[in-house]
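Please find below a short set of notes for a colleague who is opening this entry for the first time. The points are meant to be read beside the structure itself.

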Amino acid sequence: MTDATICAVPPAALDDNFFNLLISSYARTVGKPLVSGNQDAAWLYGEAPFAVLAHSTAADPIFVYANRTAQSCFEYGWDEFITIPSRLSAEAPNRDERQRLLDAVAHNGFIDNYRGLRIAKSGRRFWIEDGIVWELRDENGKRCGQAALFTSWTDV
């Protein structure tokens with residue numbers, strides 16, 4: 001398995017290589033496990049009570065992962081989600097704040113206790129709360145994108 005394989009956009013929501021990248025980078029960066037030992041990619045995707053999203057390293061990053069909880073919050077299915085530039089998860093006036101967050105994550109490795117205003121497909125606005133945003137890095141330190149986890153959200 002090459003670094004390119006691990007960093008590639010997952011071909012399906014249950015991609016084990018991408019799941020391992022998510023959980024290992026979270027543990028290394030944040031210092032605690034993302035999931036318990038008996039929880040797998042299927043659990044994170046379909047059953048986790050918290051939202052997890054990830055985007056690529058492109059100049060205008062595209063979402064490459066969104067579990068069902070995230071899909072529900074943002075009102076996009078998997079096939080739509082993985083074609084959306086992640087900047088569009090925030091309204092234009094809030095994109096500068098979002099970019100400052102992502103820059104801080106790139107510099108510090110992760111940010112916790114994040115709260116930010118986001119927008120769903122329907123135009124519904126909501127606050128994501130109790131968020132952790134971290135750098136997705138493989139075991140060799142190669143940057144593969146950024147990911148976010150949030151445990152609560154509140155409609156505006």
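**Notes on the pocket, the cavity and the chain**

1. In this model, which is a predicted one, helix H6 makes the greatest contribution to the lining of the largest pocket, supplying six residues. The space in that largest pocket comes to about 200 Å³. Its lining is made up of 16 residues, and those closest to the centre of the pocket are Ala59, Pro61, Arg98, Gln99 and Leu102. The elements that give two or more residues to this lining are H6 and strand E5 (143–155). Sorted by class, the residues lining the largest pocket are five nonpolar, five polar and six charged.

2. The structure also holds one cavity of 30 Å³ or more, and the volume of the largest cavity is about 200 Å³. Its lining consists of 18 residues, with Phe63, Ser89, Arg98, Arg118 and Ala148 lying nearest the centre. At least two residues of the cavity lining come from each of strand E1 (51–55), H6, E3, strand E4 (125–137) and E5, and E5 provides the largest share, which is four residues. By class, the lining of the largest cavity has twelve nonpolar residues, together with four polar and two charged ones.

3. A reader may then ask where Ser86 is placed in the chain. Ser86 sits in the loop that lies between helix H5 (78–81) and helix H6 (95–108). Ser86 has a relative accessible area of 1%, and because a value under 20% counts as buried, this loop residue is classed as buried. Leaving aside residues up to four places away in sequence, Ser86 touches His55, Pro61, Ile62, Phe63 and Arg98. Among these contacts, Pro61 and Arg98 also belong to the residues closest to the centre of the largest pocket, while Phe63 and Arg98 belong to those nearest the centre of the largest cavity.

4. Two residues deserve a look at their backbone angles, since most residues other than glycine have a negative phi. Glu75, which is not a glycine, has a positive phi of about 65°, and its place is in the loop between helix H4 (68–74) and H5. The relative accessibility of Glu75 is 29%, so this residue counts as partly exposed, the class that runs between the 20% and 50% limits.

5. The second case is Asn113, where phi is near 55°, again a positive value in a residue other than glycine. Asn113 is found in strand E3 (residues 110–119). With a relative accessible area of 64%, Asn113 is exposed, because the class begins over 50%.

6. Turning to the chain as a whole, there are six helices and five strands, and from the N terminus on the elements follow the order α-α-α-β-β-α-α-α-β-β-β. The radius of gyration is 14 Å, close to the 15 Å that the globule rule gives for 156 residues, and the chain is therefore as compact as a globular protein of that length. The C-alpha trace spans about 40 × 30 × 25 Å along its principal axes.

7. Some totals complete the picture of the chain. Of its 156 residues, 46% count as buried, and the area that the chain exposes is about 7,500 Å², with 51% of it supplied by carbon and sulfur atoms. Among contacts between residues at least 6 apart in sequence, 48% join residues at least 24 apart.

Note on methods: Residues numbered from 1 in each chain as written. Predicted model: local features only at pLDDT ≥ 70, side-chain atom pairs only at ≥ 80, totals over all residues. Heavy atoms only, no water. Buried < 20%, exposed > 50% of the residue type's maximum accessible area, 1.4 Å probe, protein only. Contact = heavy atoms within 4.5 Å. 1 Å grid on protein atoms, 1.4 Å probe; cavity = no way out; pocket = protein on both sides within 12 Å on 5 of 7 lines; lining within 4 Å. Points joined across faces, edges and corners; volume = space filled by probe spheres on them. Nonpolar A, V, L, I, M, F, W, Y, C, P; charged D, E, K, R; others polar. Rg over C-alpha atoms; globule rule 2.2 N^0.38 Å. Areas by Shrake-Rupley, 256 points an atom, 1.4 Å probe, with all protein chains shown as cover.
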